[in-house]
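Subject: Structure handover

Hello,

Here is the structure I promised, with my notes on it below. Please read them with the model open beside you.

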Amino acid sequence: MKYSPNLYIFVSVLFVVGAIFGALIVGALTLEQQQELAGEISRYVQSVDSGAGLSAEELFWDRFWFHFKWMMLIWILGITVIGIPGILALNFLKGALIGFAIGVLIQQYGWKGIVFFFISVVPQNIIAVPALIISSAAAISFAVYVVKHRLMLQQQKEGLLPQLGMLTSTTMIMMFLFAGAALFEAYLSPALIGWASVYLPPSNGTI
């Protein structure tokens, strides 16, 4: 089962559209909602800077299990065939969350928010987002294969089991990448966020 480059492009574009949508949502928030978000950002940065909250090991497992459940959901949606819209929705949602994060940071801190975003959010997502896109493309390819070669009863040279094996192996490999992202979030991100927090000015009068 070969994964079409067009499928990677389509999923990537959907992710980017989600990011744009998430960034635009920030402008539609009420003043009260903006204040609450600004307060949450300040409390989060302060807790990371002071070392409060989960230990690095606890944070690693928390993030790893979050990624694991996300990946398993994509795998399950892929093998159910009818889950293709769900896979696409997950990629859109991931993009929207990241877009929302950068939108809030820019709104509250201006250009320094962009710098903070690249320090606190981008590094682990350089690993996690491609892994998400690859696993999503694999799941969609499997679902399309099943539709073409099973449900439509077309001739086929390969059985279904090897294709399922390829999907599962791809998902497991991507889990190693997600583990790397979780390691970064647990052991390196707190130090980077603590270093960058001293350069953040008070938010633009919303808290």
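α3 passes α4 in a left-handed crossing. A crossing is called left-handed if the near helix is turned anticlockwise from the far one by less than a right angle, and right-handed if clockwise. Note that this is a predicted model: local features need pLDDT of at least 70, side-chain atom pairs count only at pLDDT 80 or more, and totals for chains, interfaces and linings use all residues. Residues are numbered from 1 along each chain as its sequence is written, and side-chain values use heavy atoms, leaving out hydrogens and water.

Back to the pair. Helix α3 covers residues 56-79. The angle between α3 and α4 is about 150°, and their axes lie 8 Å apart. Axes are lines fitted to C-alpha atoms, for helices over the stretch in contact, and angles run from 0 to 180 degrees between N-to-C directions. That angle makes α3 roughly antiparallel to α4. The classes are: under 35 degrees roughly parallel, over 145 roughly antiparallel, 65 to 115 roughly perpendicular, the rest oblique. From α3, the contact uses W70, L73, I74, L77 and G78. From α4, it uses I84, G86, I87, L90, L93 and K94. Contact means heavy atoms within 4.5 Å. The residues of this contact divide into 8 nonpolar, 2 polar and 1 charged. Here Ala, Val, Leu, Ile, Met, Phe, Trp, Tyr, Cys and Pro count as nonpolar, Asp, Glu, Lys and Arg as charged, and the others, Gly among them, as polar.

Next, α1 with α4. Helix α1 is residues 5-26 and helix α4 is residues 84-109. Their axes come within 6 Å and cross at roughly 40°. That makes α1 oblique to α4. The crossing is right-handed. Residues of α1 in the contact include F10, V11, L14 and F15. Among those they meet in α4 are L88, N91, F92 and K94. The contact of α1 with α4 divides into 16 nonpolar, 7 polar and 1 charged residues.

The third pair is α5 (residues 111-120) and α7 (residues 160-197). Their axes come within 9 Å and cross at roughly 165°. α5 and α7 are therefore roughly antiparallel to each other. Their crossing is right-handed. F116, I119 and S120 of α5 meet S189, L192, I193, W195, A196 and S197 of α7. That contact holds 6 nonpolar, 3 polar and no charged residues.

One residue to look at is S136, in helix α6 (residues 122-151). Is S136 buried or exposed? At 0% relative accessibility, S136 counts as buried. The cut-offs are under 20% relative accessible area for buried, over 50% for exposed and partly exposed in between (1.4 Å probe, protein chains only). S136 touches V11, I74, I87 and N91, leaving aside residues up to four places away in sequence.

S4 sits in the segment before α1. S4 counts as partly exposed, at 33% relative accessibility. The C-alpha atoms of S4 and A138 are separated by 9.5 Å, with their positions 134 residues apart along the chain.

Overall, the protein chain has 7 helices and 0 strands. Helices (H or I, at least four residues) and strands (E, at least two) are DSSP runs, numbered from the N terminus. Buried residues make up 43% of the 207 residues.

Best wishes
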